[in-house]
Amino acid sequence: MHGPRFYSDIGKRARDLLYDGFFWDQKLKHCTYFGFHTTENGAAKYDFSLCSKSKPQLSLDEMASGELKTTLCFEWPQWSSSKVEFRYLHDYAGIDASIGLGNPMVGLAAAVGTDACIVGADMGFDMSTGKITRYNARLGIVNDDLIQSVALSDKGDNLSGSCYFLVNPKSHVAVGGELSYRFSTNQSTVTYGAQLALDPCTMLKVRVNNQGKIGALIRYNWHPKSYIAISGEIDRNSVLQGSKIGLHLVL
């Protein structure tokens with residue numbers, strides 16, 4: 001996409017730095033992946049992938065033109081969560097719509113802008129009750145190696161601002177931070193983080209917030225789609241009860 005990054009990419013660099021890979025809800029999380037794709041007349045692409053901890057997904061790309069992508073997502077054994085997604089990308093705009101195949105849920109996301117500034121919003125609608133189930137909005141500003149974003153989420157209850165700064169592209173040294181405020185609880189949370197590539201295959205990340213929680217993650221990629229990650233968190237207010245550790249394995 002030559003124009004704006006899509007809606008889900010607004011603030012993604014900061015979110016990935018501060019939260020991606022920090023797993024401790026399970027001792028072991030295992031995922032296997034396989035897939036294939038074919039091309040007809042150099043235009044249409046058909047992909048199929050299956051993950052043991054996720055959902056089988058069948059995607060048909062560029063069905064109408066190079067700007068349109070259609071994806072069919074099937075979840076097993078809960079087929080009611082299956083849906084069909086349509087994504088249209090243009091130079092300065094993008095629209096993503098999803099319709100539930102086994103439920104009356106409809107989702108819509110849109111973004112407009114340029115490489116330097118982008119604004120977007122998303123919403124969910126339950127056709128059975130006629131109620132809006134979610135609505136969020138994001139604004140992103142990109143300036144050289146500095147990426148800033150502002151987001152309003154949880155139906156307007158949470159306001160957050162984040163920034164991501166790439167210090168050294170060669171060693172992937174980056175720092176980031178996020179300030180969030182929840183109106184319903186009148187509570188603010190400040191989170192800082194940093195990352196460093198120890199070598200081409202190993203990434204180290206740390207984060208800390210104003211609630212006294214310190215987290216660390218080390219991730220080793222031995223293949224583009226295979227890695228192992230070990231993460232941990234310590235609560236300075238309760239070291240014995242607040243300590244967590246997790247292992248994430250993807251094959």
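This passage looks at strand pairing, ring contacts and a nonpolar surface patch in a predicted model.

A convenient place to begin is the run of strands β14, β15 and β16. Strand β14 (residues 187-199) and strand β15 (residues 202-209) run antiparallel and are joined by 8 bridges. The connection between β14 and β15 is a hairpin with 2 residues. Within this pairing, Ala-194 stands opposite Val-206 of β15. Strand β15 is also paired with strand β16 (residues 213-223), again in an antiparallel arrangement, here through 7 bridges. In this second pairing, Met-203 faces Arg-219 of β16 as its opposite residue. The hairpin of β15 and β16 has 3 residues between the strands, and Gly-212 adopts a positive phi near 90 degrees there.

Gly-212 also offers a link to another part of the chain. The C-alpha atom of Gly-212 is separated by 8.2 Å from that of Ile-234, although the two residues are 22 apart along the chain. Ile-234 belongs to strand β17 (residues 226-235). With a relative accessible area of 42%, Ile-234 is partly exposed.

Arg-219, already met opposite Met-203, has an aromatic neighbour as well: Arg-219 lies over the face of Tyr-227, at 3.5 Å from the ring centre. A second contact of this kind involves Arg-207, whose charged end sits over the ring of Phe-22, 4.4 Å from the centre of that ring.

Contacts between aromatic rings come next. A pair of such rings is described by the distance of the centres and the angle of the planes. Searching the whole structure gives 2 aromatic pairs. In the pair of Tyr-181 and Phe-183, the ring centres are 5.1 Å apart and the planes stand at 90 degrees, so the arrangement is edge-to-face. Tyr-181 is partly exposed, at 25% relative accessibility. Phe-183 is likewise partly exposed, with a relative accessible area of 44%.

Phe-183 leads on to the surface, where this residue belongs to a nonpolar patch. The other members are Val-112, Val-119, Leu-139, Ile-141, Val-150, Leu-152 and Leu-159, and together with Phe-183 they have about 620 Å² of accessible area. Two elements, β10 (131-143) and β11 (146-153), are those that give two or more residues to the patch. Val-119, another member of the patch, is found in strand β9 (residues 117-126). The relative accessible area of Val-119 is 41%, so this residue counts as partly exposed. Phe-183 thus takes part both in the edge-to-face pair with Tyr-181 and in the nonpolar patch.

Note on methods. Residues are numbered from 1 along each chain as its sequence is written. This is a predicted model: local features need pLDDT of at least 70, side-chain atom pairs count only at pLDDT 80 or more; totals for chains, interfaces and linings use all residues. Side-chain values use heavy atoms; hydrogens and water are left out. Rings of Phe, Tyr and Trp (its six-membered ring) pair if their centres lie within 6.5 Å; planes under 30 degrees apart count as stacked, over 60 as edge-to-face and the rest as tilted. Buried means under 20% relative accessible area, exposed over 50%, partly exposed in between (1.4 Å probe, protein chains only). A charge sits over a ring if NZ of Lys or CZ of Arg is within 6 Å of the ring centre and within 35 degrees of the ring normal. Patches are made of residues with over 30% relative accessible area and no salt bridge: like charges are joined within 9 Å, nonpolar side chains (Val, Leu, Ile, Met, Phe, Trp, Tyr) within 5 Å. Accessible areas come from the Shrake-Rupley method with a 1.4 Å probe; for residues, only the protein chains shown count as cover. A salt bridge is a side-chain nitrogen of Lys or Arg within 4 Å of a carboxyl oxygen of Asp or Glu. Helices (H or I, at least four residues) and strands (E, at least two) are DSSP runs, numbered from the N terminus. Two strands pair if DSSP finds at least two bridges between them.
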